[in-house]
Amino acid sequence: MKKMKKEILIIEDEKMLAEMYKERFEQEGFHIHSAFDAEEGMNMVKELKPDLIILDILLPRENGVEFLRKMREIKELSSISVVAFSNYDDLDTKKEALALGAKEYLIKTNYTPSEILKKVIYYLEN
């Protein structure tokens with residue numbers, strides 16, 4: 001039986017960055033969806049129920065922590081894996097995201113797309 005393609009949702013307001021990650025992940029056979037703000041992301045999560053979400057923390061209007069809080073309150077979405085991904089290196093925000101169930105809080109500038117890909121694969125398999 002052929003393995004289903006894993007669905008990943010990238011919620012990132014920097015379109016160029018979202019596109020770069022989309023291409024890198026698609027090269028590895030993932031099915032990628034992109035949202036550019038929390039509201040669009042929430043609509044897509046409800047519709048797609050992806051296997052994993054890569055979530056930027058600094059988003060327009062509503063930040064990623066608020067998105068995560070709202071998502072965790074919805075029973076059928078609460079178990080979806082989320083990797084927080086931001087250049088906002090704030091200890092309190094990091095603690096809050098992790099407390100809300102983010103698998104990890106990665107600082108964008110510290111990781112290459114290939115390193116992010118390895119982390120995502122790890123969380124999809126574990």
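A salt bridge here is a side-chain nitrogen of Lys or Arg within 4 Å of a carboxyl oxygen of Asp or Glu. Keep that cut-off handy for the exercises below, which use a predicted model.

**Exercise 1. Find out what Lys108 pairs with, and which parts of the chain are tied together.**

Step 1. Start with the total: the structure holds 10 salt bridges.

Step 2. Look at Lys108 and Glu12, whose closest N and O atoms are 2.7 Å apart; the pair is a salt bridge because this lies within 4 Å.

Step 3. Place the two residues. Lys108 is in the loop between strand E5 (104–107) and helix H5 (113–125), and Glu12 is in the loop between strand E1 (7–11) and H1, so the bridge ties together parts 96 residues apart in sequence.

Step 4. Check burial, where the limit is under 20%. Lys108, at 8% relative accessibility, is buried, and so is Glu12, at 2%.

Step 5. Now turn to Glu14, which also bridges to Lys108, with closest N and O atoms 3.8 Å apart. Glu14 lies in the loop between E1 and H1, 94 residues from Lys108. With a relative accessibility of 42%, Glu14 is partly exposed.

Step 6. Put the partners together: shared salt bridges join Glu12, Glu14, Asp56 and Lys108 into one network.

**Exercise 2. Describe the salt bridge between Lys22 and Glu26.**

Step 1. Their side chains meet at 2.8 Å, N to O.

Step 2. Both belong to helix H1, and because they are four residues apart there, about one helical turn separates them.

Step 3. Lys22 is partly exposed at 21%, and Glu26 is partly exposed at 35%.

**Exercise 3. Classify the ring pair Tyr21 and Phe85, then the pair Tyr122 and Tyr123.**

Step 1. Note the total of four aromatic pairs.

Step 2. For Tyr21 and Phe85, the ring centres are 5.2 Å apart and the planes stand at 80 degrees; since this angle is over 60, the pair is edge-to-face.

Step 3. Locate them: Tyr21 is in helix H1 (residues 15–27) and Phe85 in strand E4 (residues 81–86), 64 residues apart. Tyr21 is buried at 5%, and Phe85 is buried at 4%.

Step 4. Tyr122 and Tyr123 have ring centres 5.1 Å apart and planes at 75 degrees, so this pair is edge-to-face. Tyr122 is partly exposed at 47%, whereas Tyr123 is buried at 15%.

Step 5. Finish with the cluster that ring pairs build from Tyr21, Phe25, Phe30 and Phe85.

Note on methods: Residues are numbered from 1 along each chain as its sequence is written. This is a predicted model: local features need pLDDT of at least 70, side-chain atom pairs count only at pLDDT 80 or more; totals for chains, interfaces and linings use all residues. Side-chain values use heavy atoms; hydrogens and water are left out. Rings of Phe, Tyr and Trp (its six-membered ring) pair if their centres lie within 6.5 Å; planes under 30 degrees apart count as stacked, over 60 as edge-to-face and the rest as tilted. Helices (H or I, at least four residues) and strands (E, at least two) are DSSP runs, numbered from the N terminus. Buried means under 20% relative accessible area, exposed over 50%, partly exposed in between (1.4 Å probe, protein chains only).
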